[in-house]
Amino acid sequence: MPWFLGALLFVGFDPTVLTIDLTTVSQNLTTRDLIGIATSSAEKYHLTPKQTRRMLKTIQCESGWDNSAVGPVGEVGLIQFYPPAHTDLTREQMTNVYFELNWMAEQVSFGNGAKLWTCWRLLFS
């Protein structure tokens with residue numbers, strides 16, 4: 001158990017009632033924060049430095065690091081999910097920066113960058 005949880009339990013804090021609204025948290029993140037999360041996601045999926053740079057440049061191109069960005073045909077979020085193509089995902093997932101960046105890193109690790117993002121194709125093909 002992390003030290004701070006032990007300290008919170010010691011003072012009578014009940015962690016079972018703790019809820020975090022990730023939508024609110026993500027709205028307060030800076031571009032620097034988002035780049036840090038994206039880089040951590042890239043590390044989690046063992047992306048090469050080149051793949052990581054491409055991922056970051058693709059996000060800049062797709063949304064300008066604006067998680068509230070909406071594309072011309074309804075794409076949403078940092079990585080511009082197209083809802084009709086991702087019926088297995090909820091809108092909340094599509095606009096949750098942690099989910100988005102992990103999902104993107106996983107797809108890049110599978111070699112799907114050019115298949116899924118127009119900016120990837122424009123920048124790197």
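Glycine 64, which comes after α4, has a positive phi, near 65 degrees. The model in which this residue appears is a predicted one. The helix before it, α4, covers residues 49-63. With 15 residues at 1.5 Å a residue, α4 should span 21 Å, and this agrees with its end C-alpha atoms, which are 21 Å apart.

The buried residues of α4 are Thr52, Met55, Thr58, Ile59, Glu62 and Ser63. Viewed down the helix axis, these residues fall within an arc of 125 degrees, so they line one face of α4. Their cover includes α3, α6 and α8.

Ile59 also belongs to the largest nonpolar core, a set of 22 residues in which Ile59, Leu78 and Ile79 have the most contacts. Two or more residues of this core come from each of α3 (31-44), α4 (49-63) and α6 (97-109). The greatest contribution is that of α6, with 6 residues. In soluble globular proteins, nonpolar side chains tend to be buried together.

Leucine 78 shows what such a core position touches. Beyond its neighbours within four places in sequence, leucine 78 is in contact with Ile59, Glu62 and Ser63, among others. Its further contacts include Leu34, Trp65, Val97 and Leu101.

The chain as a whole has 8 helices and 0 strands. Of its 125 residues, 34% count as buried. Among contacts with a separation of 6 or more, 44% are between residues 24 or more positions apart. The accessible surface of the chain comes to about 7800 Å², and carbon and sulfur atoms account for 58% of it.

Methods. Residues numbered from 1 in each chain as written. Predicted model: local features only at pLDDT ≥ 70, side-chain atom pairs only at ≥ 80, totals over all residues. Heavy atoms only, no water. Helix = DSSP H or I, 4+ residues; strand = E, 2+ residues; numbered from the N terminus. Buried < 20%, exposed > 50% of the residue type's maximum accessible area, 1.4 Å probe, protein only. Contact = heavy atoms within 4.5 Å. Areas by Shrake-Rupley, 256 points an atom, 1.4 Å probe, with all protein chains shown as cover. Core = buried A, V, L, I, M, F, W, Y, C linked by side-chain atoms within 4.5 Å. Expected span 1.5 Å × (residues − 1). Arc of directions from axis to C-beta.
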